[in-house]
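I opened this model to look up where the ligand sits and what empty space the protein leaves. My notes follow in the order in which I looked.

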Amino acid sequence: MNPFDLSGQVAVITGANTGIGQAIALALAQAGADIAAVGRTPATETIGQVQALGRRAINIAADLSSTAPIAQVVSQAESQLGGIDILVNNAGIIRRADAVEFSEADWDAVVDTNLKTLFFLSQAVARGMIGKGRGKIIHIASLLSFQGGIRVPAYTAAKSGVAGLTKAMANEWSAKGINVNAIAPGYIETNNTEALRADPVRSRQILERIPAGRWGAPSDIGGAAVFLASRASDYVHGHVLPVDGGWLGR
Ligand code: NAP
């Protein structure tokens with residue numbers, strides 16, 4: 001028996017149309033999972049790639065900047081794919097401004113999407129998982145779950161909150177058969193880091209500080225997601241796993 005096998009499992013992934021979410025969807029599908037891609041932009045490309053692997057894939061339209069679509073997301077995944085075994089809370093936004101200038105609107109947008117929706121979607125999915133006595137919940141945290149960052153106060157607050165919630169949820173749900181863990185990606189080449197990569201000074205400074213000597217690719221996150229979604233991690237609870245090319249150790 002392959003402990004990383006996800007055959008017959010249904011994974012719900014938010015923000016799977018691009019970047020890290022898309023790479024996680026493909027990695028989980030390669031391990032055997034069927035995929036529900038949840039987001040405001042249709043995950044057409046991801047769905048095609050998952051189906052090409054022989055897995056089922058559906059799109060669930062939802063704007064996760066509020067909790068409004070959560071009940072519909074869960075019911076659609078359950079009715080179309082037969083239940084939720086794995087939830088990956090990946091959707092997130094970043095807003096950059098000096099702390100003395102940072103607006104309340106940007107604060108609310110970041111915290112609502114990256115933290116509030118993550119909590120209430122997990123809550124809704126966990127209710128079903130508790131009924132079955134098993135499930136895997138994976139949050140996408142950040143290096144800013146550990147560090148302060150520069151010009152991203154709301155993002156740092158939200159991602160630090162995600163690290164706290166990973167432990168809080170694990171404390172309540174581990175004994176009910178649910179593994180709650182998080183992945184903290186380092187600097188990955190996606191839309192999220194486009195502004196950093198376009199700034200030659202910041203881009204060089206970041207690259208020089210990464211022990212692995214390169215930025216991460218979205219596919220670098222896939223293996224950690226498969227591990228945390230599979231039986232291989234059944235006794236791993238409340239952990240935030242950095243996948244960062246060694247950044248935090250430096
Ligand atoms: P990305 O390409 O910008 O992907 C973000 C995803 O979240 C997109 O699918 C986006 O959909 C979705 N999303 C944002 N707001 C949404 C909303 N209101 N409703 C539904 N979906 C929404 O960036 P990424 O780097 O792959 O980000 C994925 C996760 O990794 C985020 O949580 C991010 O904070 C985290 N992360 C990234 C890095 C990095 O270096 N890239 C490092 C640490 C953590 P749209 O395409 O419609 O906008």
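These entries go from the ligand to the pockets and then to the cavity.

**Entry 1, the ligand shell.** I kept in mind throughout that this is a predicted model. I began with the residues around the ligand and found 30 of them, with Asn17, Thr41, Asn90, Tyr155 and Thr190 coming nearest. When I sorted this shell by class, I noted 16 polar residues, 11 nonpolar residues and three charged ones. I then looked for helices that take part, and wrote down that α1, residues 19-30, and α5, residues 153-173, each supply at least two residues of the shell.

**Entry 2, polar contacts to the ligand.** Which atoms of Thr41 and Lys159 lie 2.5 Å and 2.9 Å from an oxygen atom of the ligand? For Thr41 I found a polar side-chain atom at 2.5 Å from a ligand oxygen, and for Lys159 I likewise found a polar side-chain atom, at 2.9 Å from an oxygen atom of the ligand. Ser65 enters my list through its backbone, where an N or O atom lies 3.3 Å from a nitrogen atom of the ligand. I next looked up how much of the ligand is covered, and noted that it exposes 880 Å² when taken alone, of which the protein buries 93%.

**Entry 3, the largest pocket.** Which pocket does the ligand take up? I found that the space it takes is the largest pocket, for which I recorded a volume of about 1,100 Å³. Its lining runs to 47 residues, and those nearest the pocket centre are Gly92, Ile93, Ile94, Tyr155 and Asn192. The elements that give two or more residues to this lining are α1, β2 (34-39), α4, α5 and α6 (194-198), and I noted that the largest share, three residues, comes from α1. By class I wrote down 20 nonpolar, 19 polar and eight charged residues for the lining of this pocket.

Tyr155 deserves a line of its own in my notes, as it is listed among the residues that come nearest the ligand and also among those nearest the centre of the largest pocket.

**Entry 4, the second largest pocket.** I recorded a volume of about 230 Å³ for the second largest pocket. I found 16 residues in its lining, with Gln9, Lys136, Ala229, Ser230 and Arg231 nearest its centre, and I noted a division into seven polar, six charged and three nonpolar residues.

**Entry 5, the cavity.** How many cavities of 30 Å³ or more are there? I counted one, and about 50 Å³ of space lies in the largest cavity. Its lining consists of Thr14, Leu64, Asn89, Ala91, Thr113, Thr117, Leu118 and Leu121, and helix α4, which spans residues 104-132, gives the most to it, with four residues. I closed this entry with the classes, which are four nonpolar and four polar residues, with no charged residue in the lining of the cavity.

Notes
Residues numbered from 1 in each chain as written. Predicted model: local features only at pLDDT ≥ 70, side-chain atom pairs only at ≥ 80, totals over all residues. Heavy atoms only, no water. Near = heavy atom within 4 Å. Polar contact = N/O pair within 3.5 Å; in protein donor to acceptor, adjacent residues only side chain to side chain. Areas by Shrake-Rupley, 256 points an atom, 1.4 Å probe, with all protein chains shown as cover. 1 Å grid on protein atoms, 1.4 Å probe; cavity = no way out; pocket = protein on both sides within 12 Å on 5 of 7 lines; lining within 4 Å. Sits in = over half its atoms within 2 Å of the grid points. Nonpolar A, V, L, I, M, F, W, Y, C, P; charged D, E, K, R; others polar. Points joined across faces, edges and corners; volume = space filled by probe spheres on them.
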